[in-house]
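Here is a brisk report on selected local features of one predicted model. Read it with the structure open.

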Amino acid sequence: MYRLDITEIDGFDNLHMPQGLLLDLQKKAARLYGADESFYLVNGSTGGILSAVSTAVPENGHLLLSRNCHKSVYHAAYLRKLRLSYLYPKTCEGMDLLEAVTADEVEEALATLQDVDAVLIVSPTYEGRIADIGTIAKIVHDRGIPLIVDEAHGAHLGLSNRVHENSCRLGADLVIHSVHKTLPGLTQTALLHVCGERIDRALLKRFLRIYQTSSPSYLLMAGIDNALRYVEENGTKAYEDFTSGYHHMLQALSACRHLAFPVEDAQRQDIGKLVISVRNTDMTGQELYRLLLDKYRLQLEMAAESYCLAMFTIGDSREGFDRMQAALLEIDSTLHESTHTTEQKVTLMSQRTPAVLSLREAWDAQREEVPLEKSADRIAAEFVNLYPPGTPVLVPGERITVQMTEQIAGWLSQGLNVQGLSANNGRQMICVVRKES
């Protein structure tokens, strides 16, 4: 790799002022995705989200966003001193995961908020739920404001007629893709696409220069080109094999009596994201995650309280599908019906928790650590995330409730990865705003 790790030498262009090779490659990416202009990103979708939000929303502006956005959106809001209003996705029927934001939810919110500068939603969600971007874009544009879509987990969308269309072609103004998530790209590789005339291109390029390194890795940029070239040259056969293997696995898994999977919905579920629900069993999501890893050597994407998430892409072989299928069928044969209640859970991200302080006020305030079990009614001074996917369940400025402390404690007891807490003599501590502050 050292032999390939060049810098801005003659003939290899400059990402921050592309005039040759890199300009041509970015134009190729724009054509592939149906965008007006595309930009290579070398520090993941994070840099694209920071740049998109900073461009679309003025300092001290107002952003309407889905509550299940990635933490980088909140970081952009902090840096730009934004006011935040939330869209609260509903819970998927029969599952304890969030749906994508709907067009009706966006329209209702915009009807009650008069000064929104931009709307930002996640589609596909981490679990693969897809929003009606075309309708949402029209609603947002009727207000004369731009739509940003965090499509980090949808870099494959629109590249084959066997998958959903991407948000560039459906009317979004700014779209962010993580090449490394669902295409064969190196970690940190991503794309930012611009469509239409609502975005100040010069301002966007300024923020890209701010949020991206001045020494972009040519290994990473070559990785983006390689991934897109692979899809162009091999995509037809790759997506045919991918969808065939995935659907064959789903068909076989329909025989499961205890494990459950979201009913495949051609309009709302992204292919490749396999949600495995243990809601009707006595097993937790974390237990299933560990079992698949330790016994079957299958690495899942994440575990939640009552489900796991497995990801499949065009990089997976038929063997991978077959091994997952065999493992889940064998596990299902050993399970029994749950002896506990299986009522629908209310996730923290679907609760409407008004902010007492703005994100910036709370994050910059004087703080102290208190035991998690004694933090109810205090104001959060730090993010609490379930990772992956890095979506905040508690945002600085929000008042902590008893239900929050109990649910977070429950996640910890199940071994889930909760970020934003610290340990002190065996007790879990949480950062809160000092009362005098």
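## Strand 2 and its partners

Leu 63 of the predicted model stands opposite Leu 84 in strand 3. Strand 3 covers residues 83–87 and runs parallel to strand 2, with five bridges joining the two. On strand 4, residues 118–122, the pairing is again parallel, with three bridges to strand 2. Here Leu 64 has Val 119 as its bridge partner.

Strand 2 spans residues 62–66, and five of its five residues are buried. In a regular strand, side chains alternate between the two faces of the sheet. In strand 2, His 62, Leu 64 and Ser 66 point one way. Leu 63 and Leu 65 point the other way. Both sets are buried.

## Helix 3 in its setting

Helix 3, residues 71–79, links into a β-α-β unit with strand 2 and strand 3. The unit is right-handed. Buried residues of helix 3 are Ser 72, Val 73, Tyr 74, Ala 76, Ala 77 and Tyr 78.

What do the buried residues of helix 3 pack against? Their partners include strand 2, strand 3 and strand 4. Helix 2 is also on the list, as are helix 11 (359–364) and strand 13 (391–394). After helix 3 comes Lys 81, with a positive phi near 55°.

## Two helix crossings

Helix 2 covers residues 44–56. Its axis and that of helix 3 come within 9 Å and cross at roughly 40°. An angle under 35 degrees would count as roughly parallel; helix 2 and helix 3 are therefore oblique to each other. Their crossing is right-handed. Helix 2 contributes Thr 46, Ile 49, Leu 50 and Val 53 to the contact. Helix 3 contributes Ser 72, Val 73, His 75, Ala 76 and Leu 79. Among these, Ser 72, Val 73 and Ala 76 are buried.

Further along the chain, helix 9 (residues 285–294) meets helix 10 (residues 318–334). The axes come within 11 Å and cross at roughly 125°. Helix 9 is thus oblique to helix 10. This crossing is right-handed. From helix 9, Leu 288, Leu 291 and Leu 292 make the contact. From helix 10, the residues are Ala 327, Leu 328 and Ile 331.

## Met 324 in helix 10

Met 324 sits in helix 10. Is Met 324 buried or exposed? Its relative accessibility is 4%, so Met 324 counts as buried. Setting aside residues up to four places away in sequence, Met 324 touches Met 249, Leu 274, Leu 298, Leu 300, Ala 310 and Phe 312.

Gly 410 is 86 residues from Met 324 along the chain. Their C-alpha atoms are separated by 28 Å.

## A three-strand sheet

Three strands form an open, antiparallel sheet in the order 8-10-9. Strand 8 (273–277) and strand 9 (302–303) are the edges, each pairing on one side only.

Strand 10 covers residues 307–311 and joins strand 9 through two bridges, in the antiparallel sense. In this pairing, Cys 308 of strand 10 is the bridge partner of Ala 303. Two contacts of Met 324 can be placed here: Leu 274 falls within the range of strand 8, and Ala 310 within that of strand 10.

## Backbone exceptions

Where does the backbone hold a cis peptide bond? Ser 123 and Pro 124 are joined by one, with omega about -5°. Pro 124 lies in the loop between strand 4 and helix 5 (133–142).

Two non-glycine residues with positive phi deserve a look. Asp 13 has a phi of about 65°. Asp 13 belongs to the segment before helix 1 (21–33). With a relative accessible area of 15%, Asp 13 is buried, given a cut-off of under 20%.

Asn 425 has a positive phi of about 55° and is not a glycine. Asn 425 occupies the loop between strand 15 (421–424) and strand 16 (427–433). Its relative accessibility is 78%, so Asn 425 counts as exposed.

Definitions and conventions
Residues are numbered from 1 along each chain as its sequence is written. This is a predicted model: local features need pLDDT of at least 70, side-chain atom pairs count only at pLDDT 80 or more; totals for chains, interfaces and linings use all residues. Side-chain values use heavy atoms; hydrogens and water are left out. Buried means under 20% relative accessible area, exposed over 50%, partly exposed in between (1.4 Å probe, protein chains only). Helices (H or I, at least four residues) and strands (E, at least two) are DSSP runs, numbered from the N terminus. Two strands pair if DSSP finds at least two bridges between them. A crossover is right-handed if, with the strands pointing away from the viewer, the path from the first strand over the helix to the second runs clockwise. Axes are lines fitted to C-alpha atoms, for helices over the stretch in contact, and angles run from 0 to 180 degrees between N-to-C directions. Angles under 35 degrees count as roughly parallel, over 145 as roughly antiparallel, 65 to 115 as roughly perpendicular and the rest as oblique. A crossing is left-handed if the near helix is turned anticlockwise from the far one by less than a right angle, and right-handed if clockwise. Contact means heavy atoms within 4.5 Å.
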